[in-house]
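Let's take a friendly walk through a protein fold, one piece at a time. Have a look at the picture first, and then read on.

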Amino acid sequence: MMNQGEYHVTNEKKLKNMKVLVCCNSDVLAIPTLLKLKELGVLKGVCIPDRSRASLMPALDALNLDVELTCLSRRNWISTLKNLIQSKDVDCVWVLTFPWIFPQGLLESVSYGFVNFHFGLLPKYKGCDPIFWQIRNKEACGGITIHYMNEFIDEGPVILQESVRIIPGENYGLHCMRLGKHNAGLVERVMNILIAPQNKPLELEASNQVFSQKPSESDLKIDWMNQSAEEIECLVNASNPKYGGAKTRIAGFEMYVLEVTPVNLENKVEAKPGQIIHADSTYGLVVYCSDGESVRITVVRTREGYLSGVKLFNLGFNAGHVFDNPVVSPELLY
């Protein structure tokens, strides 16, 4: 029987000898983990989809990871990945936001398995982009679920799960940054679990599942008639920056809202949902919402550029104009 000291030495040796290949499709979520794996001396390569070459390669090159960076073509990515695993003697593949489904034969080709880092809380938030849906749905927490991969999407035995608070007013990009840093802090814990001779998977609490597809165009549109001020703020935050903001129109002028702030009015007003109830060169535009609350539009994106709420006022948007109203006011510049 192995004593405790021998067990510790064996585990330490296993950790140092682990060879990890990473498949990813994100910079902010993956980079802190890549740097941690490099620091530990276990990173043997990084693979990204070829379609993401332009957006990811500059950031990855700048890291000086001292490992091979491989762009995988949709046409032959499975055989390329298989060859990489064999040539580098990889014994574990870590997957962070990768868009393609790995076949079962590939999943069984490494001794420590394929490990998926899902940036959402399973089992409720499965599928594509749980970060968007958790912020949009006003969840108090997002999080990270780390699990062995099988042939089903976001299933397989769970290794580790941690909640990460969604700070009020936090947008998609800021939450991603915090998730990426938090994940790097879990790397050594995950490695130790992987090498343990017996590790029991976590049993997650049952929940109504939300199989989250990528948000559609209608999901990204502000519904002034039905969404509350809080719901509009959450949609705007969930859409910034990945989806370019929450879509709306006013007087035939299309824009994507990137930031709003709640406004507490001293006196209640009567107005239509989506109606500008206050506009000036200090506060910009204040808009009435369906629940009787209001939001101040602070930043929008348009075809002509990024504009502040104050700039919109200076361009002629004023109290009384209504978002999503089909009537175009002739006094506006656009």
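Two strands are said to pair if DSSP finds at least two bridges between them. Helices (H or I, at least four residues) and strands (E, at least two) are themselves DSSP runs, numbered from the N terminus. What you see is a predicted model, in which local features need pLDDT of at least 70 and side-chain atom pairs count only at pLDDT 80 or more, while totals for chains, interfaces and linings use all residues. Residues are numbered from 1 along each chain as its sequence is written, and side-chain values use heavy atoms, with hydrogens and water left out.

Start with the sheet. Seven strands form an open sheet in the order S3-S2-S1-S4-S5-S7-S8, and their pairing is mixed. Its edge strands are S3 (68-72) and S8 (158-165), each of which pairs on one side only. On average, neighbouring strands here are turned by 15° against each other, direction ignored. Such angles come from axes, which are lines fitted to C-alpha atoms (for helices over the stretch in contact), and they run from 0 to 180 degrees between N-to-C directions. In general, strands of a sheet pair through backbone hydrogen bonds, either parallel or antiparallel.

Now find S4 within that order. S1 and S4 run parallel and are joined by five bridges; Val22 has Trp94 in S4 as its bridge partner, and Cys23 stands opposite Val95 in S4. S4 and S5 also run parallel, joined by four bridges, and the partner of Trp94 in S5 is Val115. How many of the five residues of S4 are buried? The count is five of five, where buried means under 20% relative accessible area, exposed means over 50%, and partly exposed lies in between (1.4 Å probe, protein chains only). Cys92, Trp94 and Leu96 are buried on one side of S4, and Val93 and Val95 on the other, so both faces are covered.

Let's move out to the edge strand S3, where Leu69 sits. Leu69 is partly exposed, with a relative accessible area of 22%. Apart from neighbours within four places in sequence, Leu69 is in contact (heavy atoms within 4.5 Å) with Val46, Met57, Leu60 and Asp61. The C-alpha atom of Leu69 is separated by 7.8 Å from that of Ile48, 21 residues away along the chain.

Helices come next. Helix H4 (residues 77-87) lies across S1, S2, S3, S4 and strand S5 (114-118), running at about 160° to S3. In helix H2 (residues 31-40), the residues Ile31, Thr33, Leu34, Lys36 and Leu37 are buried. The cover over these buried residues includes strands S1 (20-24), S2 (43-49) and S4 (92-96), and among the helices H3 (53-62), H7 (172-184) and H8 (187-195). After H2 comes Gly41, with a positive phi near 80°.

Helix H7 brings us to our last stop. At its N-terminal end, Asn171 acts as a cap: a side-chain oxygen lies 3.2 Å from the backbone nitrogen of Gly173. Tyr172 is one of the buried residues of H7. What does the side chain of Tyr172 make with the side chain of Asp129? The two share a polar contact of 2.8 Å, that is, a pair of N or O atoms within 3.5 Å; within protein, one must be able to donate a hydrogen and the other to accept it, and residues adjacent in sequence count only if both atoms are side-chain atoms. Asp129 itself lies in the loop between strand S6 (125-127) and helix H6 (130-136), and is buried, with a relative accessible area of 8%.
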